[in-house]
Amino acid sequence: FIRMLRSAKKRDVLELLRRAPEEARPFIVEAAVAAQSVASLAALSEFLDFSKEPKPLLEKFLYAAAFSPRPSGELLHLVLDKLDGKQLAPEIRETGIVAMGALVGKLCQQKLCGLQEVERGVKTILRGLRDAKEEPEVVIYLLALGNAALPETIPTLLGHAEEGPVTVTATAISALQRFPTQHISSKVKGAMRRIFHEKRKSYEKTCRLAAAEILLDNHPSPMDVINILLATNKMETEMATLLLLKVQSSLHAHHHPARKIIKDIMGDPRINNYNFFSKVGISSSFSGPLTVTQDLLSTFRLDLLFLEGGFLRKSTSEFSLLSHGQQLRAAQVTIEAQGMESMMGENSSDGEEEPELVAGMSVVFFDVQLRPIIFFQGYTDLMAKVLLSSGEPTSVVKGNLLLMDHHQVIPLQSGLQVTIKLQGGLGLDISADMDVSIWEQELKTSMNSRGSLAMDFQAELDSSFLQATLRSQTEVETSIRFDTMLRFSSSPVLMCLQLREEQVPYR
């Protein structure tokens, strides 16, 4: 379909979009974005009216642009024009801002940072961040900076990480976590030390853990590792348990940058002893390989942070791919619930501000951070969701993406030429649900990821006296479901975790 659109005229693409039945339109919009021809982008520009079109179709367009493997300046120009100075629905504006960040980042990776559209995109995000008054607005612009991952924005992120309120600090630190190691300078590490050791003010436990993670994951000094381990003696049980398990799991990961340093430190009995590693919290951290080949290592990581009363505070499940020194976060799903202590009659830790009752989810897919999903915000909203729950899961992202688009001509020694084309498409459906039952005193979360990957490879030799074509097609389908169930009516809290993977058909 993409190949067909690349050779079509603007009027044909426009006619197709206008005449297509409603259920087929999202697919055509995704394909037109993936085609990125002058005609298809011009047709989209004319067809998409951001003041009238239904929200799902506009979100499809923006996410298709954000996931584009090699976006053009024209595509970013189209997104900027559609968002500029218009009265938009909050969801569309937020999706547009995070998509803008992803496009800026990908164009800079292609060494196209000097483009006028890129400079305009960066100015738009930074101006929006400066002018943002409300906390949720600040968070969206910080997520866009995380997607762009531009080294010159690091000082801005550090300022928000150290001085912002809880949600802003957490978002700024998670944006910094997405930068490659070469950009995690001594200045960044200094700020993370101040946050973790609470040198200037008190920080929420998830922010301190994220700061420790940056220090441990980016060639840490032996002193950093020792200080982090020593600090666990003064932490509450759950936080200390998670941090110690993280340090231990990095010992088993051969690719972990801190493995050798931690191994040397563990040789010291003053550190590696029962007093340190006998924390008995229920929080857990696990990471391990899924696939190991000569060229690729894929890993699965699961972190579960509980509150002292047994409530799940934060769960993070992540699938990563490492190849030849490059890392790709294929999927990361974080479910957070804060303010539950007050609902259960518990108090916050000393020095911590009383957090608002809120639960939500954040997803990073193929290194693109999506717009966060809020399950409920405030006690009234929670009660309304409990009483009026439809039982339907919340859709996070659903659609078709072009992941690979490669075209190359190889001259042979014989004087002939071989043309190689490789395309890879992904059909994706991620949904999640959180169900709180006050009466049963249960908390259930469930995340369902379904995907199908299709790859088409073609090598063609074409000359006046000889023609030969080699073609191969590959299809894979997979489905992973991750469920957690907590019953906090009794002590100790009962917890059930289930990770289900359906059989993978491979053709």
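**Strands, salt bridges and buried helices**

Student: In what order do the five strands of the open sheet run?

Tutor: The pairing in this open sheet is antiparallel. Helices (H or I, at least four residues) and strands (E, at least two) are DSSP runs numbered from the N terminus, and two strands pair if DSSP finds at least two bridges between them. With five strands taking part, the order is E8-E9-E10-E11-E12.

Student: Which strands are the edge strands?

Tutor: The twist of this sheet averages 10 degrees from one strand to the next, with axes as lines fitted to C-alpha atoms and angles running from 0 to 180 degrees between N-to-C directions. An edge strand here pairs on one side only. That describes strand E8 (394-411) and strand E12 (494-501).

Student: Good to have that picture; what pLDDT do local features need here?

Tutor: Residues are numbered from 1 along each chain as its sequence is written, and side-chain values use heavy atoms, leaving out hydrogens and water. This is a predicted model in which side-chain atom pairs count only at pLDDT 80 or more, totals for chains, interfaces and linings use all residues, and local features need a pLDDT of at least 70.

Student: Back to E8: over how many bridges does it pair with strand E9?

Tutor: One position to look at is Thr394, which stands opposite Ala432 in E9. E9 spans residues 417-437, and its antiparallel pairing with E8 covers 16 bridges.

Student: How far apart are the centres of domain 1 and domain 3?

Tutor: The chain is divided into domain 1 (224-279), domain 2 (282-388) and domain 3 (391-506), with bounds from an automatic or database domain assignment. Taken over C-alpha atoms, the centres of domain 1 and domain 3 are separated by 35 Å.

Student: What does UniProt place at residues 1-234?

Tutor: That span is 70% helix and 0% strand, and its end C-alpha atoms lie 60 Å apart. UniProt positions follow the numbering used here, feature names are shortened, and annotations may be inferred rather than shown by experiment. In an unreviewed entry, UniProt lists the feature "domain: Vitellogenin".

Student: Now side chains: which residue forms a salt bridge with Asp224?

Tutor: A salt bridge is a side-chain nitrogen of Lys or Arg within 4 Å of a carboxyl oxygen of Asp or Glu, and the structure holds 32 of them. In the one formed by Asp224, the closest N and O atoms are 2.7 Å apart, and the partner is Arg193. Asp224 sits in helix H14 (residues 222-231) and its partner in helix H12 (residues 186-196), so the bridge ties together parts 31 residues apart in sequence, the H12 end being Arg193.

Student: Is Asp224 buried or exposed, and at what relative accessible area?

Tutor: Buried means under 20% relative accessible area, exposed over 50%, and partly exposed in between (1.4 Å probe, protein chains only). Arg193, at 30%, is partly exposed. Asp224 is buried, at 7%.

Student: Which residue is the salt-bridge partner of Glu336?

Tutor: The closest N and O atoms of this pair are 3.0 Å apart, and the partner is Arg313. The two residues link distant parts of the chain, 23 residues apart: Glu336 is in strand E4 (residues 326-338), and strand E3 (residues 312-323) holds Arg313. Glu336 is partly exposed at 27%, whereas 3% relative accessibility makes for a buried Arg313.

Student: How many of the 11 residues of helix H6 are buried?

Tutor: Among the buried residues of H6 are Leu75, Leu76, Val79 and Lys82. They pack against helices including H3 (25-35), H5 (55-66) and H8 (116-131), where contact means heavy atoms within 4.5 Å. Helix H6 (residues 73-83) is largely enclosed by the rest of the structure because the number of its residues that are buried is eight.

Student: What is the phi of Gln36?

Tutor: Gln36 lies in the loop between H3 and H4. Its relative accessible area of 18% makes Gln36 buried. Although Gln36 is not a glycine, its phi is positive, at about 50 degrees.

Student: And where does Ala149 lie?

Tutor: Ala149 is another residue other than glycine with a positive phi, near 50 degrees. At 24% relative accessibility, Ala149 counts as partly exposed. Its place is the loop between helix H9 (135-148) and helix H10 (154-163).
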